[in-house]
Amino acid sequence: MTGCLRILTAPGFVAGLIGALLGFAALGAWMPGDAGSAVFGTWAFRVTAVLLCVSIVANLWERLGGVTEMKVLGSWLLHFGIVLLAVAGTWHASKSTERQVELVEGQTATLGDTGVSVLLDRVDPDRREGRWRKGDAAEVTVIERGMRPRREVVAVNRPLNIGDHWLFLGLHGFAPIVGSGAAPGSAAAVVKLETTLLPRPYYWGEFQVPGSGARALGVFRPATSGHLVRDPSLEVVLRGVDGRRLGAGVARPGRPARVGGVEVALAGVRYWAAFRLTHEPGLRMVFASFWIAIAGAALTLLPRVLRGGV
Amino acid sequence: MAASELAAFWAAVAAYAAAFLAVVFGLVLRRRGAVRAGLGIGAAGLAAQGIALTCRGIGQVAPPFVTYYESVVFGTMLATGVALWLARSREWFRPALAVVLGVSLLLMGSAVFTAREFRPLGPALQSWWLVVHVVFALFAFGGMLVAAGAGVVAIRRRAAPAVRGRIDEVMYRAFALSFIFQLVMTASGAIWAHQAWGRYWGWDPIETASLLTLIVYALALHLRATHDWRGVRLGWLAIAGFLLTAYGIWGVPFVSPSVHLYTSPAYRAEAK
């Protein structure tokens with residue numbers, strides 16, 4: 001026991017662990033995308049993190065044991081918060097699940113094996129001028145097994161709590177219904193367009209023209225009146241099967257765009273939204289550990305900072 | 001960008017340049033009058049910077065610290081304000097003020113070359129957590145810039161023995177404050193990320209860099225408390241901490257793609 005404590009509190013051992021942790025963090029920060037995240041899922045990283053947590057507790061036990069000053073209490077709290085964060089974070093990472101789904105207004109999807117289905121009734125973007133905080137929201141009908149369907153609102157930055165799951169509103173935008181030929185709606189497909197964040201936002205997306213091998217880049221510049229879209233039109237740039245540019249045109253309801261022998265018809269415009277459903281045990285403990293660490297840091301460090309007289 | 005904001009911004013740049021020259025001139029040639037004039041001009045620049053940010057905030061009806069340009073102006077204003085206040089009555093801190101003014105000038109100069117026009121915030125950014133998260137990140141940056149200024153003074157080893165302890169104390173307190181600010185920034189960012197993206201931590205390069213910064217602050221505080229690191233060694237740590245903080249806030253998107261896109265080169269290219 002004493003030997004273990006001596007190893008865990010040895011400066012060289014602690015420095016080695018911190019060095020390894022810094023190495024992992026630097027590697028994760030430098031490697032792009034998923035490769036960076038994968039570094040933190042390796043056993044080597046987990047073992048290093050666990051050893052560091054144990055070493056923190058051992059060091060505290062040896063250095064601070066039995067002292068009840070406010071500063072020391074703060075130090076205990078700070079380190080306890082960090083260890084709790086590591087434990088709760090690991091628990092959360094190993095047990096949490098998430099599913100994603102993209103819906104167009106009127107569509108329903110069952111979210112994996114959760115027994116929860118969501119019907120997207122309406123997307124309601126907040127178009128109030130002169131406000132920096134907007135409340136884009138989606139009205140959904142939540143259908144849980146054995147329960148009556150109920151209407152709920154999910155907003156950006158305001159997830160919906162469904163039992164032990166959370167439903168988040170993600171990307172959302174316009175979804176033109178495009179078809180081929182003069183008869184709108186024939187072999188129609190719903191195309192989900194993404195938005196830009198320029199001062200005058202527009203929506204864009206690439207899609208295959210239904211019933212044709214041609215691909216199109218569609219740009220939609222909405223003129224809205226409340227939830228309704230006024231005089232919708234879809235600007236399209238068409239490319240043939242071989243990738244050659246066929247030309248550009250504008251499709252409107254009842255007036256398809258005809259470019260290079262390919263027709264793109266616009267049957268109408270709806271909204272779409274992406275949702276994420278998560279199940280996150282241990283999340284509250286993760287957030288609590290943050291605040292415990294902050295309280296500890298404030299208790300142990302602030303008195304000296306505020307003392308004055310430098 | 002409104003004319004009043006532009007005028008105030010350039011007035012701040014001009015004032016900081018003049019203040020920097022006056023302080024350096026005064027320190028090198030031992031002219032206290034020049035240093036005092038530099039302090040006055042610096043204070044005027046600080047006021048102009050405050051006016052520029054206020055104009056921008058009112059003009060765009062959104063918090064003025066989201067883009068690279070805005071966060072640089074806000075962060076350097078915090079650091080310069082604290083450095084001017086410290087240097088006002090503490091002669092030994094004035095070389096550190098010169099460092100803070102010089103770095104602020106460089107950063108503001110780099111901000112000139114980025115997109116300065118306002119762009120609407122993406123839905124996920126439209127949250128009060130934005131204010132808490134970014135303001136505390138910039139508080140930490142301001143604290144570390146002051147610590148780095150003091151670090152440069154410590155590394156030069158020219159201070160009198162009596163003053164060295166005070167320089168150490170400034171560095172330690174700046175580290176302690178920045179550690180608390182960085183903790184609050186990380187916690188608020190985690191809560192906000194959970195609300196907006198459905199996950200509190202995703203090992204995004206900026207998140208990882210902020211964790212790395214936090215570890216370096218903790219390392220400095222521990223080395224000071226348990227191994228009595230002072231003077232030159234603490235000075236180097238302060239400079240490293242400052243560089244890492246600046247890299248975490250502004251540098252990462254130049255190296256790796258990040259979900260924190262509002263400061264990335266991709267964002268600026270699109271905004272143009």
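These questions and replies go through cavities, cysteines and aromatic rings in a predicted model.

Me: How many cavities of 30 Å³ or more does the structure hold, and what lines the largest?
Reply: The structure holds one cavity of 30 Å³ or more. The largest cavity has a volume of about 30 Å³. Its lining consists of Glu5(B), Ala52(B), Leu53(B), Arg56(B), Tyr69(B), Glu70(B) and Val73(B). Helix 2 (32–60) and helix 3 (68–89) of chain B each give at least two residues to that lining.

Me: What makes three residues of this lining charged?
Reply: Asp, Glu, Lys and Arg count as charged. The lining includes Glu5(B), Arg56(B) and Glu70(B). The lining therefore divides into four nonpolar, no polar and three charged residues.

Me: Why is Cys53(A) not in a disulfide?
Reply: A disulfide needs two cysteine sulfur atoms within 2.5 Å. The closest cysteine sulfur to that of Cys53(A) is in Cys4(A), 17 Å away, so it is too far for a bond. A search of the whole structure finds zero disulfides over all chains.

Me: Why is Cys53(A) called buried, and Cys55(B) partly exposed?
Reply: Buried means under 20% relative accessible area, and exposed means over 50%. Cys53(A) has 15%, so it is buried. Cys55(B) has 23%, so it falls in between and is partly exposed.

Me: What makes Phe45(A) and Trp203(B) an edge-to-face pair?
Reply: Ring centres must lie within 6.5 Å, with planes over 60 degrees apart. Here the centres are 5.8 Å apart and the planes stand at 90°. Both tests are passed, so the pair is edge-to-face. It is an aromatic pair in a structure that holds 18 over all chains.

Me: How do you know that this pair joins two chains?
Reply: Phe45(A) lies in helix 4 (residues 43–64) of chain A, and Trp203(B) in the loop between helix 6 (161–197) and helix 7 (205–227) of chain B, so the pair joins two chains. Phe45(A) is buried, at 12% relative accessible area. Ring pairs also link Phe24(A), Phe45(A), Trp201(B) and Trp203(B) into a cluster.

Me: What about Phe175(B) and Tyr217(B)?
Reply: They form an edge-to-face pair, 6.0 Å centre to centre with 70° between the planes. Phe175(B) is in helix 6 of chain B and Tyr217(B) in helix 7, 42 residues apart. Phe175(B) is buried at 1%, and Tyr217(B) is buried at 0%.

Me: Why does Arg46(A) count as sitting over the ring of Trp43(A)?
Reply: The charge must be within 6 Å of the ring centre and within 35 degrees of the ring normal. The charged end of Arg46(A) is 5.3 Å from the centre and sits over the ring. Arg90(B) lies over the face of Trp85(B), at 5.3 Å from the ring centre.

Methods: Residues are numbered from 1 along each chain as its sequence is written. Chains are lettered from A and ligands numbered from 1 in the order in which they are written. This is a predicted model: local features need pLDDT of at least 70, side-chain atom pairs count only at pLDDT 80 or more; totals for chains, interfaces and linings use all residues. Side-chain values use heavy atoms; hydrogens and water are left out. On a 1 Å grid over the protein atoms alone, a cavity is a set of points where a 1.4 Å probe fits but cannot get out, and a pocket is an open set with protein on both sides within 12 Å along at least five of seven lines; lining residues have an atom within 4 Å of a point. Grid points are joined across faces, edges and corners, and a volume is the space filled by probe spheres set on the points. Helices (H or I, at least four residues) and strands (E, at least two) are DSSP runs, numbered from the N terminus. Buried means under 20% relative accessible area, exposed over 50%, partly exposed in between (1.4 Å probe, protein chains only). Rings of Phe, Tyr and Trp (its six-membered ring) pair if their centres lie within 6.5 Å; planes under 30 degrees apart count as stacked, over 60 as edge-to-face and the rest as tilted.
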